[in-house]
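The following exercises ask the reader to examine a protein model step by step. Please study the sequence and the structure before reading each solution.

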Amino acid sequence: MRTILITGPGGCGRTTVAAATALRAAGEGSDTLVLSADRTDTLGAALGTATGPAPARIAPHLAAWRPDAAERFRDDLTAFQSRAANVLDLLGASRLDAEEVTPLPGAEELSFLRALRDAALSERYDLLVVDLPPTPQALALLALPEELRRYLRRLLPPERQAARALRPVLGRLAGVPMPAEWLYETAARWDLELAAVEAVVADRATSVRLVAEPGPAGADAVRAATLALALRGLRTETLVANRMLPENASDTWLAGLVAQQRKALADWQESYDVHPVAHLGRDPRGHDDLAALAVPAVNPAPTPVEWPVTDRIAEDGVLVWTVPLPGAIRDELDLVRRGDEIVITAGRFRRIVSLPSALRRCTVAGAGLREGELRIRFAPDPGLWPRGK
């Protein structure tokens, strides 16, 4: 399935663009699902039809879905209590009824990620258009699966499960189930679910469209978002310059805004694939308005992001790992090697990345930023590097 993630600064019209993108793809014959993370039904307002907690047909080849985080959290907690019944009884815990449960902080994000996974794994659709939250929240949401999986691996390393065979014996001797067995099984199930979400985000058929209004604030937001997305291995496929004012605006006040927009647009066109979308003079509502926005068509074969390792041992004695970081500033970059991981900090964004297997047998020999690419040099460690290589 082709997946398009759409985000942008708050108030830039990203939900409207997501709805228009999905409607255009459906009109061209692609079975499309548009998925919204908004608590309020802004997606339904744009489409002219209410959306809800189950996918609903909006038009030929088009369905819309706005998951209910509270309902999914209640279902998850009920299932959790059933699986942990023996442990809860052992501890003398009182179970919660579904009616008294309200979502905890973070439950909404996890619920949406599960919906994203379910939608992407569905065989009913050709295209998934995801209306993400505003950019800062979207970046945190996209990072969540990878970070949670890393925490699970550190707190409950899979290799410790080798002692699992002893736990049933200990449980029979003690006369009660051993919580550790259940704990590791739960961690393994979480890891599997998070891995499925992470695979959707990292899939080669997944790309990002940024939506922003041309201007100083939009320019700053786009620059930061592009860098943060690149650090996560995601490429900004298209930048939608939304709500462009007509150039022939006669009003003096509007003429100033037009000039500001045109300057920002010219700057963006030097670095991005920019697609201007005109301001309709009103908030778009319904299929006719969305069709009038003329959003870009869906590229069936997006260009994936690559982080290649180049063998330059014969020439320079090193392997070079290239990390695309468009918009990165040299003075705001930092690298820290920690075992088989490397911590990359670019401005206010940070990611902990597992090293490719070949680089784990090397030491960091230096790094440099050139033309938007971070090139990290690794020298083979004689004590770890295979002989004859």
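## Exercises with worked solutions

Just after helix α1, Gly 29 takes a positive phi of about 100 degrees. The model is predicted, so local features need pLDDT of at least 70, side-chain atom pairs count only at pLDDT 80 or more, and totals for chains, interfaces and linings use all residues. Residues are numbered from 1 along each chain as its sequence is written, and side-chain values use heavy atoms, with hydrogens and water left out.

**Exercise 1. State how many helices and strands the protein has, and what share of its residues is buried.**

Step 1. The count gives 12 helices and 15 strands. Helices (H or I, at least four residues) and strands (E, at least two) are DSSP runs, numbered from the N terminus.

Step 2. Of the 389 residues in the protein, 43% are buried. Buried means under 20% relative accessible area, exposed means over 50%, and partly exposed lies in between (1.4 Å probe, protein chains only).

Step 3. Among contacts with a separation of 6 or more, 68% join residues 24 or more positions apart. A contact means heavy atoms within 4.5 Å.

**Exercise 2. Describe the length of helix α1 and determine whether α1 is mostly covered or not.**

Step 1. Helix α1 covers residues 14–27, which is 14 residues. From its first C-alpha to its last, α1 reaches 20 Å, close to the 20 Å expected at 1.5 Å a residue. The expected span is 1.5 Å times one less than the number of residues.

Step 2. In α1, 12 of the 14 residues are buried, and the helix is mostly covered. The buried residues include Arg 14, Val 17, Thr 21 and Leu 23.

Step 3. Arg 24 of the model is partly exposed, with a relative accessible area of 36%.

**Exercise 3. Identify what surrounds Thr 21.**

Step 1. Thr 21 is found in helix α1 and counts as buried at 1% relative accessibility.

Step 2. A polar atom of the Thr 21 side chain lies 2.7 Å from the backbone oxygen of Val 17.

Step 3. Leaving aside residues up to four places away in sequence, Thr 21 touches Ile 4, Ile 6, Val 129, Arg 209, Val 295 and Val 298.

**Exercise 4. Find the salt-bridge partners of Arg 14, Arg 24 and Arg 375.**

Step 1. The structure holds 23 salt bridges. A salt bridge is a side-chain nitrogen of Lys or Arg within 4 Å of a carboxyl oxygen of Asp or Glu.

Step 2. The side chain of Arg 14 meets that of Asp 131 in a salt bridge (3.7 Å, N to O). Arg 14 lies in helix α1 and Asp 131 in strand β5 (residues 127–131), so the pair ties together parts that are 117 residues apart in sequence. Arg 14 is buried at a relative accessible area of 9%, and Asp 131 is buried at 0%.

Step 3. Arg 24 forms a salt bridge with Glu 28 (3.0 Å, N to O).

Step 4. Arg 375 pairs with Glu 373 in a salt bridge whose closest N and O atoms are 2.9 Å apart. Arg 375 is partly exposed, with a relative accessible area of 27%, and Glu 373 is partly exposed, with a value of 27%.

Step 5. A network of salt bridges links Arg 114, Arg 117, Asp 118 and Glu 193.

**Exercise 5. Work out the strand order of the open sheet of 3 strands, and name a helix that packs on the sheet.**

Step 1. The order is β11-β12-β13, with antiparallel pairing. Two strands pair if DSSP finds at least two bridges between them.

Step 2. β11 (333–338) and β13 (349–354) each have a single partner strand, so one side of each edge strand is left without a neighbour in the sheet. From one strand to the next, the twist averages 15 degrees.

Step 3. β11 and β12 (residues 341–346) run antiparallel and are joined by 6 bridges. Leu 333 has Ala 346 in β12 as its bridge partner.

Step 4. Helix α6 (residues 135–155) packs on the sheet, touching β11, β12 and β13, and its direction makes about 45 degrees with that of β13. Axes are lines fitted to C-alpha atoms, for helices over the stretch in contact, and angles run from 0 to 180 degrees between N-to-C directions.

Step 5. Helix α9 (residues 216–231) lies across β12 and β13, at about 15 degrees to β13.

Notes:
Polar contact = N/O pair within 3.5 Å; in protein donor to acceptor, adjacent residues only side chain to side chain.
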